[in-house]
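Let's take a walk through this one together. Have the sequence and the 3D view open as you read.

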Amino acid sequence: VLRGCAGDVMIRNSVCALLVYKLLPRLTRAMSFRCQRDSYLQTLNTKVVSCESAKNGGAECYEVVLEDTVLFPEGGGQADDRGKINGVDVFRVTRRGSKAVHFVNSPLQVDSEALVEVDWKRRFDHMQQHSGQHLITAIADREFGFKTKSWHLSIGVDSKCYVELGTPSLTKEQLDHIEEVCNENIRKAVPVVPHWYNIQDPKLDAVRSRGLPDDFEGQDIRVVEIEGIDINTCCGTHVSNLNHLQCIKLVSTEAKKGGGSTLIYYLSGDRVRAYLESTITNERAITKLLSARADDHVSVVERLVKERAHLTSVVDNQLKELAQLLAFQHLHSNDPVDPVATIHRNDGDNMFMNLLAKELTSKGVMVMVTVGGNKGAGQFLLAGEEAAVATLGPQVAALLEGKGGGRKGMYQGKASTLERREDVYKLIRDFKKK
(Lines give C-alpha, C1' and ligand atoms only; values in the text may rest on other atoms or scores of the structure.)
Protein backbone atom coordinates (compact mmCIF):
# COMPACT_ATOMS: atom_id res chain seq x y z
CA VAL A 1 0.00 0.00 0.00
CA LEU A 2 2.81 2.41 0.92
CA ARG A 3 4.65 1.70 -2.35
CA GLY A 4 1.45 2.31 -4.29
CA CYS A 5 0.96 5.80 -2.80
CA ALA A 6 4.62 6.78 -2.57
CA GLY A 7 4.04 9.75 -4.83
CA ASP A 8 1.36 11.28 -2.61
CA VAL A 9 2.73 12.56 0.70
CA MET A 10 -0.69 13.26 2.23
CA ILE A 11 -2.06 9.74 1.46
CA ARG A 12 1.17 8.07 2.61
CA ASN A 13 1.15 9.87 5.95
CA SER A 14 -2.54 9.11 6.50
CA VAL A 15 -1.86 5.41 5.87
CA CYS A 16 1.04 5.52 8.33
CA ALA A 17 -1.14 7.20 10.94
CA LEU A 18 -3.79 4.48 10.48
CA LEU A 19 -1.16 1.76 10.97
CA VAL A 20 0.06 3.46 14.14
CA TYR A 21 -3.51 3.62 15.43
CA LYS A 22 -4.09 -0.09 14.76
CA LEU A 23 -0.77 -1.33 16.10
CA LEU A 24 -0.24 0.76 19.25
CA PRO A 25 -1.69 -0.83 22.40
CA ARG A 26 -4.82 0.80 23.83
CA LEU A 27 -2.83 2.09 26.84
CA THR A 28 -0.75 4.41 24.68
CA ARG A 29 -3.92 6.13 23.51
CA ALA A 30 -5.26 6.95 26.98
CA MET A 31 -4.81 10.70 26.33
CA SER A 32 -5.03 10.52 22.52
CA PHE A 33 -7.95 11.32 20.24
CA ARG A 34 -8.30 10.23 16.64
CA CYS A 35 -7.67 13.80 15.47
CA GLN A 36 -4.25 13.64 17.16
CA ARG A 37 -3.37 10.32 15.53
CA ASP A 38 -4.50 11.45 12.08
CA SER A 39 -4.96 15.20 11.76
CA TYR A 40 -6.14 14.82 8.15
CA LEU A 41 -9.12 12.60 8.97
CA GLN A 42 -12.27 14.66 8.39
CA THR A 43 -15.05 12.23 9.38
CA LEU A 44 -15.36 9.44 11.94
CA ASN A 45 -18.01 6.83 12.78
CA THR A 46 -18.14 6.33 16.53
CA LYS A 47 -20.66 6.00 19.40
CA VAL A 48 -22.23 8.34 21.92
CA VAL A 49 -20.98 7.49 25.43
CA SER A 50 -22.89 10.16 27.36
CA CYS A 51 -25.13 13.19 26.83
CA GLU A 52 -25.86 15.50 29.75
CA SER A 53 -27.73 18.80 29.93
CA ALA A 54 -25.71 21.92 30.63
CA LYS A 55 -25.82 25.71 30.37
CA ASN A 56 -24.19 27.99 27.81
CA GLY A 57 -24.48 31.57 28.99
CA GLY A 58 -27.83 30.76 30.57
CA ALA A 59 -29.11 28.90 27.50
CA GLU A 60 -29.83 25.18 27.54
CA CYS A 61 -27.27 22.97 25.80
CA TYR A 62 -25.82 19.46 26.03
CA GLU A 63 -22.39 18.02 26.78
CA VAL A 64 -21.65 14.97 24.64
CA VAL A 65 -18.81 12.48 25.13
CA LEU A 66 -18.00 10.06 22.29
CA GLU A 67 -15.90 6.89 22.16
CA ASP A 68 -13.45 8.85 20.01
CA THR A 69 -13.48 12.06 18.01
CA VAL A 70 -11.96 13.93 15.07
CA LEU A 71 -12.82 17.25 16.72
CA PHE A 72 -9.83 18.67 18.57
CA PRO A 73 -10.54 20.09 22.05
CA GLU A 74 -8.84 23.36 22.94
CA GLY A 75 -5.35 22.95 24.36
CA GLY A 76 -1.68 23.72 23.86
CA GLY A 77 -2.48 27.22 22.63
CA GLN A 78 -4.65 25.86 19.81
CA ALA A 79 -8.33 26.71 19.62
CA ASP A 80 -10.94 23.97 19.52
CA ASP A 81 -12.53 22.66 16.32
CA ARG A 82 -16.01 23.19 14.97
CA GLY A 83 -18.04 20.53 13.22
CA LYS A 84 -21.13 18.34 13.40
CA ILE A 85 -22.33 15.17 15.13
CA ASN A 86 -25.11 13.50 13.14
CA GLY A 87 -25.76 16.86 11.49
CA VAL A 88 -25.98 18.73 14.82
CA ASP A 89 -23.61 21.70 15.08
CA VAL A 90 -20.82 21.46 17.66
CA PHE A 91 -20.10 24.98 18.94
CA ARG A 92 -17.36 24.11 21.43
CA VAL A 93 -15.05 21.23 22.32
CA THR A 94 -13.06 21.05 25.54
CA ARG A 95 -11.00 18.38 27.29
CA ARG A 96 -11.69 17.03 30.77
CA GLY A 97 -9.04 14.54 31.74
CA SER A 98 -8.91 11.92 28.99
CA LYS A 99 -12.33 12.86 27.56
CA ALA A 100 -13.31 15.34 24.85
CA VAL A 101 -16.57 17.10 25.71
CA HIS A 102 -18.62 18.33 22.74
CA PHE A 103 -21.17 21.11 23.28
CA VAL A 104 -24.33 20.94 21.15
CA ASN A 105 -27.80 22.47 21.26
CA SER A 106 -29.74 19.22 20.67
CA PRO A 107 -29.56 15.99 22.70
CA LEU A 108 -28.03 12.80 21.26
CA GLN A 109 -29.09 9.27 22.18
CA VAL A 110 -26.58 7.42 24.39
CA ASP A 111 -25.11 4.27 22.74
CA SER A 112 -26.29 5.47 19.31
CA GLU A 113 -24.05 5.58 16.25
CA ALA A 114 -22.49 8.97 15.65
CA LEU A 115 -21.03 10.44 12.47
CA VAL A 116 -18.55 13.17 13.41
CA GLU A 117 -17.54 15.74 10.79
CA VAL A 118 -14.91 18.43 11.25
CA ASP A 119 -15.02 21.95 9.80
CA TRP A 120 -12.01 21.23 7.62
CA LYS A 121 -11.29 24.79 6.50
CA ARG A 122 -10.98 25.96 10.12
CA ARG A 123 -9.02 22.85 11.18
CA PHE A 124 -6.49 22.96 8.35
CA ASP A 125 -5.93 26.66 8.98
CA HIS A 126 -5.16 25.89 12.64
CA MET A 127 -2.82 23.08 11.59
CA GLN A 128 -0.90 25.44 9.31
CA GLN A 129 -0.59 28.15 11.97
CA HIS A 130 0.38 25.70 14.75
CA SER A 131 3.03 23.91 12.69
CA GLY A 132 4.25 27.31 11.53
CA GLN A 133 4.70 28.33 15.17
CA HIS A 134 6.75 25.19 15.91
CA LEU A 135 8.99 25.96 12.94
CA ILE A 136 9.49 29.64 13.85
CA THR A 137 10.19 28.69 17.47
CA ALA A 138 12.78 26.09 16.48
CA ILE A 139 14.60 28.32 13.97
CA ALA A 140 14.66 31.36 16.27
CA ASP A 141 16.17 29.19 19.02
CA ARG A 142 18.68 27.38 16.80
CA GLU A 143 19.89 30.45 14.91
CA PHE A 144 19.90 33.09 17.66
CA GLY A 145 19.11 31.36 20.96
CA PHE A 146 15.77 33.18 21.30
CA LYS A 147 13.46 31.05 23.45
CA THR A 148 9.70 31.05 22.91
CA LYS A 149 7.76 32.18 26.00
CA SER A 150 4.25 31.89 24.54
CA TRP A 151 2.28 31.99 21.33
CA HIS A 152 -1.21 33.03 20.23
CA LEU A 153 -3.40 31.48 17.55
CA SER A 154 -5.77 34.14 16.28
CA ILE A 155 -9.07 32.99 14.82
CA GLY A 156 -9.88 33.74 11.18
CA VAL A 157 -7.81 33.58 8.00
CA ASP A 158 -7.58 37.38 7.85
CA SER A 159 -5.81 37.72 11.21
CA LYS A 160 -2.22 37.30 12.36
CA CYS A 161 -0.82 34.94 15.00
CA TYR A 162 2.21 35.76 17.10
CA VAL A 163 5.14 34.05 18.80
CA GLU A 164 6.55 35.69 21.92
CA LEU A 165 10.36 35.44 21.97
CA GLY A 166 12.47 36.07 25.06
CA THR A 167 14.47 38.94 23.62
CA PRO A 168 13.85 42.68 24.04
CA SER A 169 14.28 43.30 20.30
CA LEU A 170 15.10 41.81 16.90
CA THR A 171 16.90 43.47 14.05
CA LYS A 172 15.43 43.43 10.56
CA GLU A 173 18.31 41.21 9.50
CA GLN A 174 17.51 38.67 12.21
CA LEU A 175 13.82 38.67 11.28
CA ASP A 176 14.60 38.24 7.58
CA HIS A 177 17.01 35.39 8.38
CA ILE A 178 14.44 33.49 10.48
CA GLU A 179 11.86 33.87 7.70
CA GLU A 180 14.28 32.72 5.01
CA VAL A 181 15.39 29.62 6.92
CA CYS A 182 11.76 28.71 7.69
CA ASN A 183 10.84 28.88 4.00
CA GLU A 184 13.94 26.94 2.98
CA ASN A 185 12.77 24.05 5.14
CA ILE A 186 9.25 24.32 3.71
CA ARG A 187 10.73 23.92 0.23
CA LYS A 188 12.69 20.89 1.43
CA ALA A 189 9.39 19.17 2.32
CA VAL A 190 10.53 18.14 5.81
CA PRO A 191 8.20 15.52 7.41
CA VAL A 192 6.29 16.37 10.60
CA VAL A 193 5.65 13.22 12.64
CA PRO A 194 3.81 12.58 15.94
CA HIS A 195 5.32 10.06 18.40
CA TRP A 196 4.13 8.59 21.68
CA TYR A 197 6.78 8.00 24.36
CA ASN A 198 6.31 6.25 27.67
CA ILE A 199 6.47 8.77 30.48
CA GLN A 200 9.62 7.01 31.81
CA ASP A 201 11.39 6.91 28.42
CA PRO A 202 14.82 8.63 28.67
CA LYS A 203 14.31 9.96 25.13
CA LEU A 204 12.00 12.56 26.65
CA ASP A 205 15.04 14.23 28.21
CA ALA A 206 15.97 15.57 24.77
CA VAL A 207 12.44 16.80 24.03
CA ARG A 208 11.55 20.49 24.31
CA SER A 209 8.63 20.81 26.71
CA ARG A 210 6.75 23.36 28.81
CA GLY A 211 5.39 20.61 31.07
CA LEU A 212 2.24 18.48 31.12
CA PRO A 213 -1.27 19.63 32.08
CA ASP A 214 -2.24 19.06 35.71
CA ASP A 215 -5.01 16.64 34.72
CA PHE A 216 -2.81 14.52 32.45
CA GLU A 217 -3.81 10.84 32.46
CA GLY A 218 -2.05 7.78 31.05
CA GLN A 219 1.51 6.57 30.62
CA ASP A 220 2.37 7.90 27.19
CA ILE A 221 3.26 11.41 26.08
CA ARG A 222 2.64 12.77 22.60
CA VAL A 223 5.61 14.41 20.92
CA VAL A 224 5.61 16.22 17.58
CA GLU A 225 8.83 16.08 15.57
CA ILE A 226 9.88 18.22 12.63
CA GLU A 227 12.55 15.85 11.40
CA GLY A 228 16.04 17.18 12.01
CA ILE A 229 14.74 20.54 13.25
CA ASP A 230 12.58 20.26 16.35
CA ILE A 231 11.01 17.78 18.75
CA ASN A 232 8.46 19.04 21.23
CA THR A 233 5.67 17.76 23.48
CA CYS A 234 2.40 18.91 21.94
CA CYS A 235 -1.25 17.86 21.93
CA GLY A 236 -2.27 19.93 18.88
CA THR A 237 -3.02 18.99 15.29
CA HIS A 238 -0.26 19.51 12.73
CA VAL A 239 0.48 19.17 9.05
CA SER A 240 2.26 15.96 8.07
CA ASN A 241 4.90 17.77 6.02
CA LEU A 242 6.25 21.33 6.06
CA ASN A 243 5.40 21.72 2.38
CA HIS A 244 1.74 21.84 3.42
CA LEU A 245 2.52 25.21 5.01
CA GLN A 246 3.27 26.57 1.52
CA CYS A 247 4.91 29.71 2.94
CA ILE A 248 5.58 31.63 6.16
CA LYS A 249 5.62 35.43 6.30
CA LEU A 250 6.88 37.29 9.37
CA VAL A 251 4.83 40.47 9.15
CA SER A 252 6.00 42.67 12.01
CA THR A 253 7.42 42.79 15.54
CA GLU A 254 6.23 44.50 18.69
CA ALA A 255 8.07 44.98 21.99
CA LYS A 256 5.91 43.55 24.75
CA LYS A 257 5.04 45.90 27.58
CA GLY A 258 7.25 45.29 30.58
CA GLY A 259 10.34 44.63 28.46
CA GLY A 260 12.33 41.49 27.85
CA SER A 261 10.08 40.01 25.14
CA THR A 262 9.22 40.64 21.50
CA LEU A 263 6.10 39.52 19.67
CA ILE A 264 6.61 38.30 16.09
CA TYR A 265 3.37 38.50 14.12
CA TYR A 266 3.25 35.91 11.36
CA LEU A 267 1.09 34.32 8.68
CA SER A 268 1.34 30.73 7.50
CA GLY A 269 -0.19 28.75 4.67
CA ASP A 270 -3.48 29.94 3.24
CA ARG A 271 -3.39 33.07 5.43
CA VAL A 272 -0.45 34.36 3.36
CA ARG A 273 -2.57 34.08 0.22
CA ALA A 274 -5.57 35.72 1.94
CA TYR A 275 -3.34 38.56 3.17
CA LEU A 276 -1.89 39.04 -0.32
CA GLU A 277 -5.37 39.14 -1.86
CA SER A 278 -6.48 41.75 0.70
CA THR A 279 -3.33 43.79 0.07
CA ILE A 280 -3.86 43.73 -3.70
CA THR A 281 -7.50 44.79 -3.28
CA ASN A 282 -6.46 47.68 -1.04
CA GLU A 283 -3.71 48.69 -3.45
CA ARG A 284 -6.17 48.89 -6.33
CA ALA A 285 -8.57 51.01 -4.26
CA ILE A 286 -5.79 53.37 -3.14
CA THR A 287 -4.47 53.65 -6.70
CA LYS A 288 -7.92 54.80 -7.81
CA LEU A 289 -8.33 57.24 -4.91
CA LEU A 290 -4.90 58.82 -5.36
CA SER A 291 -4.85 58.61 -9.17
CA ALA A 292 -1.29 57.38 -8.80
CA ARG A 293 0.63 54.21 -9.53
CA ALA A 294 1.33 51.84 -6.64
CA ASP A 295 5.03 52.74 -6.73
CA ASP A 296 4.05 56.38 -6.09
CA HIS A 297 1.65 55.76 -3.20
CA VAL A 298 4.13 56.61 -0.45
CA SER A 299 5.35 59.86 -2.01
CA VAL A 300 1.79 61.00 -2.79
CA VAL A 301 0.58 60.22 0.74
CA GLU A 302 3.59 62.01 2.26
CA ARG A 303 2.70 65.09 0.23
CA LEU A 304 -0.95 64.89 1.30
CA VAL A 305 0.03 64.54 4.96
CA LYS A 306 2.14 67.70 4.74
CA GLU A 307 -0.68 69.57 3.01
CA ARG A 308 -3.15 68.40 5.66
CA ALA A 309 -0.87 69.55 8.46
CA HIS A 310 -0.61 72.97 6.85
CA LEU A 311 -4.38 73.24 6.35
CA THR A 312 -5.02 72.09 9.92
CA SER A 313 -2.76 74.86 11.17
CA VAL A 314 -4.63 77.40 9.02
CA VAL A 315 -8.02 76.22 10.29
CA ASP A 316 -6.83 76.27 13.92
CA ASN A 317 -5.67 79.87 13.53
CA GLN A 318 -8.96 80.87 11.91
CA LEU A 319 -10.99 79.20 14.68
CA LYS A 320 -8.89 81.02 17.25
CA GLU A 321 -9.53 84.34 15.54
CA LEU A 322 -13.25 83.49 15.24
CA ALA A 323 -13.46 82.71 18.96
CA GLN A 324 -11.83 86.04 19.78
CA LEU A 325 -14.18 87.87 17.38
CA LEU A 326 -17.33 86.24 18.83
CA ALA A 327 -16.17 87.07 22.35
CA PHE A 328 -15.50 90.69 21.34
CA GLN A 329 -18.93 90.97 19.72
CA HIS A 330 -20.67 89.68 22.82
CA LEU A 331 -18.78 92.00 25.13
CA HIS A 332 -19.37 95.11 22.99
CA SER A 333 -22.80 94.62 21.43
CA ASN A 334 -24.85 95.36 24.55
CA ASP A 335 -24.55 97.77 27.41
CA PRO A 336 -24.68 96.43 29.99
CA VAL A 337 -23.02 93.19 28.86
CA ASP A 338 -25.32 90.16 28.73
CA PRO A 339 -24.18 87.93 31.67
CA VAL A 340 -24.90 84.77 29.60
CA ALA A 341 -23.37 83.97 26.20
CA THR A 342 -25.03 81.18 24.18
CA ILE A 343 -23.12 80.31 21.02
CA HIS A 344 -23.52 77.49 18.51
CA ARG A 345 -21.35 76.62 15.50
CA ASN A 346 -21.73 73.76 13.04
CA ASP A 347 -17.94 73.70 12.77
CA GLY A 348 -15.54 73.93 15.68
CA ASP A 349 -13.70 71.74 18.12
CA ASN A 350 -12.57 71.56 21.75
CA MET A 351 -9.91 74.20 21.17
CA PHE A 352 -12.51 76.60 19.77
CA MET A 353 -14.88 76.07 22.70
CA ASN A 354 -12.15 76.46 25.32
CA LEU A 355 -10.76 79.65 23.73
CA LEU A 356 -14.23 81.15 23.62
CA ALA A 357 -14.89 80.22 27.25
CA LYS A 358 -11.54 81.66 28.35
CA GLU A 359 -12.18 84.99 26.60
CA LEU A 360 -15.64 85.44 28.11
CA THR A 361 -15.39 83.96 31.61
CA SER A 362 -12.46 86.27 32.31
CA LYS A 363 -15.01 89.10 31.96
CA GLY A 364 -17.53 87.44 34.30
CA VAL A 365 -19.78 86.03 31.56
CA MET A 366 -21.28 82.50 31.83
CA VAL A 367 -20.73 80.67 28.53
CA MET A 368 -22.75 77.89 26.92
CA VAL A 369 -21.20 76.83 23.61
CA THR A 370 -22.09 73.91 21.35
CA VAL A 371 -20.55 72.58 18.12
CA GLY A 372 -22.11 70.12 15.68
CA GLY A 373 -25.23 69.71 13.58
CA ASN A 374 -28.34 71.62 14.59
CA LYS A 375 -30.28 68.47 15.46
CA GLY A 376 -27.60 65.81 15.44
CA ALA A 377 -24.86 64.78 17.85
CA GLY A 378 -22.20 67.21 18.95
CA GLN A 379 -20.13 68.61 21.80
CA PHE A 380 -20.95 71.16 24.50
CA LEU A 381 -19.13 73.25 27.08
CA LEU A 382 -20.55 75.20 30.00
CA ALA A 383 -18.21 77.61 31.79
CA GLY A 384 -18.61 80.20 34.49
CA GLU A 385 -18.87 80.56 38.25
CA GLU A 386 -17.84 77.26 39.81
CA ALA A 387 -20.89 76.60 42.00
CA ALA A 388 -23.32 77.47 39.21
CA VAL A 389 -21.56 75.24 36.70
CA ALA A 390 -21.48 72.34 39.17
CA THR A 391 -25.26 72.66 39.58
CA LEU A 392 -26.17 73.25 35.93
CA GLY A 393 -23.69 70.90 34.21
CA PRO A 394 -25.50 67.60 34.84
CA GLN A 395 -28.85 69.18 33.92
CA VAL A 396 -27.43 70.44 30.63
CA ALA A 397 -26.04 66.98 29.85
CA ALA A 398 -29.45 65.42 30.56
CA LEU A 399 -31.27 67.84 28.24
CA LEU A 400 -28.80 67.10 25.44
CA GLU A 401 -28.99 63.35 26.13
CA GLY A 402 -25.27 63.26 26.67
CA LYS A 403 -22.55 62.68 29.19
CA GLY A 404 -20.01 65.07 30.59
CA GLY A 405 -17.85 66.10 33.47
CA GLY A 406 -15.58 68.82 34.68
CA ARG A 407 -14.24 70.91 37.53
CA LYS A 408 -13.19 74.44 38.46
CA GLY A 409 -15.99 76.16 36.62
CA MET A 410 -15.96 74.11 33.40
CA TYR A 411 -18.29 71.26 32.40
CA GLN A 412 -18.05 69.70 28.97
CA GLY A 413 -19.05 66.53 27.19
CA LYS A 414 -20.68 64.87 24.19
CA ALA A 415 -24.34 65.27 23.29
CA SER A 416 -26.49 62.71 21.48
CA THR A 417 -28.63 65.54 20.13
CA LEU A 418 -28.34 69.35 20.08
CA GLU A 419 -32.00 69.80 19.21
CA ARG A 420 -32.92 71.08 22.70
CA ARG A 421 -30.37 73.89 22.81
CA GLU A 422 -33.09 76.49 23.42
CA ASP A 423 -34.24 74.57 26.51
CA VAL A 424 -30.65 74.61 27.75
CA TYR A 425 -30.38 78.36 27.18
CA LYS A 426 -33.62 78.95 29.11
CA LEU A 427 -32.41 76.74 31.97
CA ILE A 428 -29.20 78.79 32.29
CA ARG A 429 -30.92 82.20 32.06
CA ASP A 430 -33.58 81.24 34.59
CA PHE A 431 -30.85 80.09 36.95
CA LYS A 432 -29.01 83.39 36.47
CA LYS A 433 -32.16 85.43 37.20
CA LYS A 434 -32.63 83.61 40.49
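We start with a single glutamate and then turn to a pair of helices.

A quick word on ground rules: this is a predicted model, where local features need pLDDT of at least 70 and side-chain atom pairs count only at pLDDT 80 or more, while totals for chains, interfaces and linings use all residues. Residues are numbered from 1 along each chain as its sequence is written, and side-chain values use heavy atoms, leaving out hydrogens and water.

Find Glu-60 in strand β2, residues 59-66 (strands are DSSP runs of E, at least two residues, and helices runs of H or I, at least four, numbered from the N terminus). Glu-60 has 41% relative accessibility, so it counts as partly exposed (between 20%, under which is buried, and 50%, over which is exposed; 1.4 Å probe, protein chains only). Leaving aside residues up to four places away in sequence, Glu-60 touches Ser-53, Ala-54, Lys-55 and Asn-105 (heavy atoms within 4.5 Å).

Now swing over to helix α5 (residues 270-290) and helix α6 (residues 297-333), which pack at an angle of about 50° with their axes 11 Å apart. Axes here are lines fitted to C-alpha atoms, for helices over the stretch in contact, and angles run from 0 to 180 degrees between N-to-C directions. Which residues meet? Glu-283, Ile-286, Thr-287 and Leu-290 from α5 meet His-297, Val-300, Val-301 and Leu-304 from α6.
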